[in-house]
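User: I should like to learn how features of a model of this kind are read. Please begin with the pairing of strands.

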Amino acid sequence: MNFRHITVLFVFLGTIISYSQETNAPKFGKGLFNLVGKDSTWSMKIAARMQFLSTNTWNKGDDDNWVDPEQNFLVRRARLKFNGFAYTPKLKYKLELGLSNRDISGASTYTGNAPRYILDAVIMWNFYENFELWVGQTKLPGNIERVISSGNLQQVDRSLVNSRFNIDRDQGIQLRHHFYVKNNFLIREKFAISQGEGRNITSGNLGGHQYTTRLELLPFGTFEGNGEYSGSDLQRETKPKLMLAATYDSNQNAVKTRSNQGSYMTNDTGFYETNINTFFLDAMFKYQGFSLMGEYVHRDAKDPIAKNSDGTLTGDEVQVGHGLNLQTGYLFRGNWEVSGRYTEINLDEAITGRNPETQYTLGFSKYIVGHKLKVQTDLSYLSVDGGSVRIMYRLQLDVHF
């Protein structure tokens, strides 16, 4: 996106904002403005969000003394969001653009050496009863912590389990369906076929394809305000609510070290390919301000060590192993929340050369307008078996218009 494109974007937004001044703008946190066509054949909600993050990190040296802290301040996320329907309310869409350095970094020859502005660009068609067909680029139906929006997290950011194992976004199609078994017992089924190399790929499919299946069980019915995919019990559920879910993902002839994430595994003939399988088991429980989220993940590969055509090693390997994340919190009446997280990462040492990691995190949050305006802080202690020890303190302001 060059200067001309940015100028056109802001002129467009300025024009709509000027128009919105003549109408009733939504309340804070409900979008900048909502537009509906005169003939009611389309709608568009436009929103913006920002996250400002400060981080301080202390590392323990070989002499058991703490070295001077590393300090960092950045715009963690800055995004524009567009969603609505086209022609009929059964045909919805979502477009989300990332503008911060962390949002657009990761350009390579396989993404046209261009910044990765597009996060989501997806059409969702409710074509028959409880069936929806999704087409485009968006999050795959993976682990619960990844599918929860970064703006709706209980702590400053996601856990190490997510950073090591998540399957993130990809381009392809998804089929989603839900039905009730008995009373309020809800079952959701989600299936996806995607390219298998992550978002914003512009040079074609280098490996095979990725197949994802997720099953969700909600025995006590739906959560208030879609709370199963939001951190903290801001709705203060009056009755216990529970979601149990499992995801199985198979990336055939994958060419990256973490399924559709990580770095490309190149060799003397082009790319090293192997089948990578990832299994997630997760749960969410909420009741009267108390919340509990748990995730277990296991990843394996047919042949995780990358090789050249003559059998010599390339130096790359698939990040196989397993992880566990447990997180809980309690929301007090003044919308102050205390939360705790335990995370354990066990990559296969013989293959990856990585020792087990354990992290403990204590978090505090003040929700001023729910997740739309909040201040969050947390303190983490990370230890690596036979290796380093690190303490990290973070403070973040989150604003959603």
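Analyst: Two strands pair if DSSP finds at least two bridges between them; strands (E, at least two residues) and helices (H or I, at least four) are DSSP runs, numbered from the N terminus. This is a predicted model, in which local features need pLDDT of at least 70 and side-chain atom pairs count only at pLDDT 80 or more, while totals for chains, interfaces and linings use all residues. Residues are numbered from 1 along each chain as its sequence is written, and side-chain values use heavy atoms, with hydrogens and water left out.

In the hairpin of β17 and β18, 5 residues lie between the strands, and G311 takes a positive phi near 90°. Strand β17 (residues 305-307) pairs with strand β18 (residues 313-317) in the antiparallel sense over 2 bridges.

User: Which residue in β18 does K307 stand opposite?

Analyst: K307 stands opposite L313.

User: How is a nonpolar core recognised, and which residues make up the largest one?

Analyst: A nonpolar core is a set of buried Ala, Val, Leu, Ile, Met, Phe, Trp, Tyr and Cys residues joined through side-chain atoms within 4.5 Å. Buried means under 20% relative accessible area, exposed over 50%, and partly exposed in between (1.4 Å probe, protein chains only).

Here the largest nonpolar core has 11 residues: L140, L160, V161, F165, I167, A192, F280, V297, I345, L347 and L382. At least two residues each come from α4 (160-165) and β20 (336-347), and α4 gives the most, with 3 residues. A second, separate core of 10 residues includes L153, F223, M284 and M293.

User: Which residues does V161 touch, not counting residues up to four places away in sequence?

Analyst: Contact means heavy atoms within 4.5 Å. On that basis V161 touches N166, V297, G323, L324, N325, T343, E344 and I345.

User: Where is Q252 placed, and what is it in contact with beyond its neighbours within four places in sequence?

Analyst: Q252 belongs to strand β10 (residues 241-254) and counts as partly exposed because its relative accessibility is 27%. Its contacts beyond those neighbours are G207, G208, H209, Y211, T274, N275 and N277. The C-alpha atoms of Q252 and G208 are separated by 5.0 Å, although the two residues are 44 apart along the chain.

User: Where does V369 lie, and is it buried or partly exposed?

Analyst: V369 is found in strand β21. With a relative accessible area of 35%, V369 is partly exposed.
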